[in-house]
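Please work through the exercises below with the sequence and the coordinates at hand. Each task is followed by a stepwise solution.

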Amino acid sequence: LEKKFPVYGTFGKLFGTKSHVNAVTDVSFRLYEGETYGLVGESGSGKSTTGRTILGLTPATSGQVIYQDQDLMKISKNEFRKFRKDIQLVFQDPFSSLNPRKRIGHILEEPLIIHKIGNQTEREEQVYSILKIVGLQPEHYFRYPHEFSGGQRQRLGLARALIMNPKIIICDEPVSALDVSIQSQILNILKQLQEDLKLTLLFITHDISVVRYISDRIGIMYLGKIVEEALTDDLFSEPLHPYTQALFSAVPNFTRNRLKERIILKGEIPSPLSPPTGCVFHTRCPMAIERCKVEVPAFREVQANHCVACHLI
Ligand code: SF4
Ligand code: MG
């Protein structure tokens with residue numbers, strides 16, 4: 001894998017965020033150039049916080065975000081701005097952040113003006129070309145945000161991320177609010193964009209089918225930790241962690257083929273403010289043993305490029 005993609009960023013040990021509501025404890029992963037890394041977990045697992053912390057939107061108490069040999073958490077605000085445009089964010093509903101009084105063309109052009117990129121004509125050309133890339137029409141340039149449907153708004157969200165010509169896009173549940181048919185349109189645009197523009201994607205979602213479709217590699221998060229990580233095909237042919245198995249067993253077709261029955265987890269996901277001792281999953285794990293309550297399982301490579309944190313594996 002190292003050979004296939006140059007290392008792009010290492011998002012190491014991002015943890016214990018300042019805001020107590022989002023206590024991501026210990027997340028480490030690498031993002032390789034040109035790949036899509038899917039970060040999966042239930043709500044409250046810390047996926048969004050991880051994405052936001054990479055961008056400096058949610059401050060972390062400690063950790064590293066290494067991008068192009070720089071620790072983004074240590075550099076000055078000014079230096080950070082230079083890298084910040086390389087990493088863009090697309091989230092669930094871009095509508096809330098689109099100024100309702102401005103025309104789309106203007107909204108898309110704004111970041112270019114702020115960063116003093118190109119002259120008026122060049123900027124307009126750039127906006128028209130991005131509209132085309134995301135499957136919108138030239139006449140959309142003059143429309144207002146409320147005139148767009150849910151799917152079109154997400155195309156706008158993508159357009160706005162793309163206008164700065166980023167290298168990495170962090171997509172936080174970008175299709176969760178959309179109908180299934182619209183979801184696949186947006187996912188296909190993302191896939192195409194990635195190929196054409198050689199983008200690197202961090203794709204955050206709770207949806208197993210979506211992440212399977214879009215990702216090259218997947219990290220499964222539970223309560224602020226990545227408990228399993230593998231290439232997509234390996235993960236789906238052999239999910240190893242009991243939590244991953246439970247998640248996958250809830251997907252109907254998957255259950256029929258791979259796992260004999262649906263694994264129902266008892267209880268709710270515990271509060272990230274007071275995570276369980278030992279293995280964070282022990283309060284809900286159907287396979288937990290005494291050791292799990294006291295000893296944190298090491299996250300280690302058990303097969304080539306397949307890492308898992310569990311005492312039984
Ligand atoms: Fe379950 Fe123990 Fe493995 Fe944690 S370490 S996943 S509690 S068996
Ligand atoms: Mg979230």
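Four exercises follow, on a strand, a helix, a loop residue and a ligand shell.

This is a predicted model, in which local features need pLDDT of at least 70 and side-chain atom pairs count only at pLDDT 80 or more, while totals for chains, interfaces and linings use all residues. Residues are numbered from 1 along each chain as its sequence is written, and chains are lettered from A and ligands numbered from 1 in the order in which they are written.

**Exercise 1.** Determine which residues of strand β3 are buried on each face, and which strands pair with β3.

*Solution.* Strands (E, at least two residues) and helices (H or I, at least four) are DSSP runs numbered from the N terminus. A residue is buried if 20 or more other C-beta atoms, placed from the backbone, lie within 10 Å of its own, exposed if 12 or fewer, and partly exposed in between.
1. In a regular strand, side chains alternate between the two faces of the sheet.
2. In β3 (residues 36-40), Thr36, Gly38 and Val40 are buried on one side, and Tyr37 and Leu39 are buried on the other.
3. Pairing requires at least two DSSP bridges between two strands. β3 runs parallel to β8 (residues 200-205), with five bridges, and Leu39 has Ile204 as its partner there.
4. Four bridges link β3 to β9 (residues 217-222), also in the parallel sense; Tyr37 is partnered by Arg217.

**Exercise 2.** Compare the span of helix α6 with its expected value, and locate its buried side.

*Solution.*
1. The expected span is 1.5 Å times one less than the number of residues. For the 18 residues of α6 (residues 180-197) this gives 26 Å, and the end C-alpha atoms are 25 Å apart, which agrees.
2. Gln183, Ile186 and Leu190 are the buried residues of α6. They lie on the same side of α6 because they cover an arc of only 70 degrees around the axis, the arc being that of the directions from the helix axis to the C-beta atoms.
3. The face turned away from the buried side carries exposed Ser181, Glu195 and Asp196.

**Exercise 3.** Is Pro138 buried or exposed?

*Solution.*
1. Pro138 lies in the loop between α4 (120-133) and α5.
2. Pro138 counts as exposed because it has 11 C-beta neighbours inside 10 Å.
3. The C-alpha atoms of Pro138 and Tyr128 are 6.1 Å apart, although 10 residues separate the two in sequence.

**Exercise 4.** Identify the residues that come nearest to ligand 1.

*Solution.*
1. A residue is near a molecule if its C-beta atom, placed from the backbone, lies within 6 Å of it.
2. Among the 13 residues around ligand 1, the nearest are Cys279, His282, Cys285, Cys292 and Cys310.
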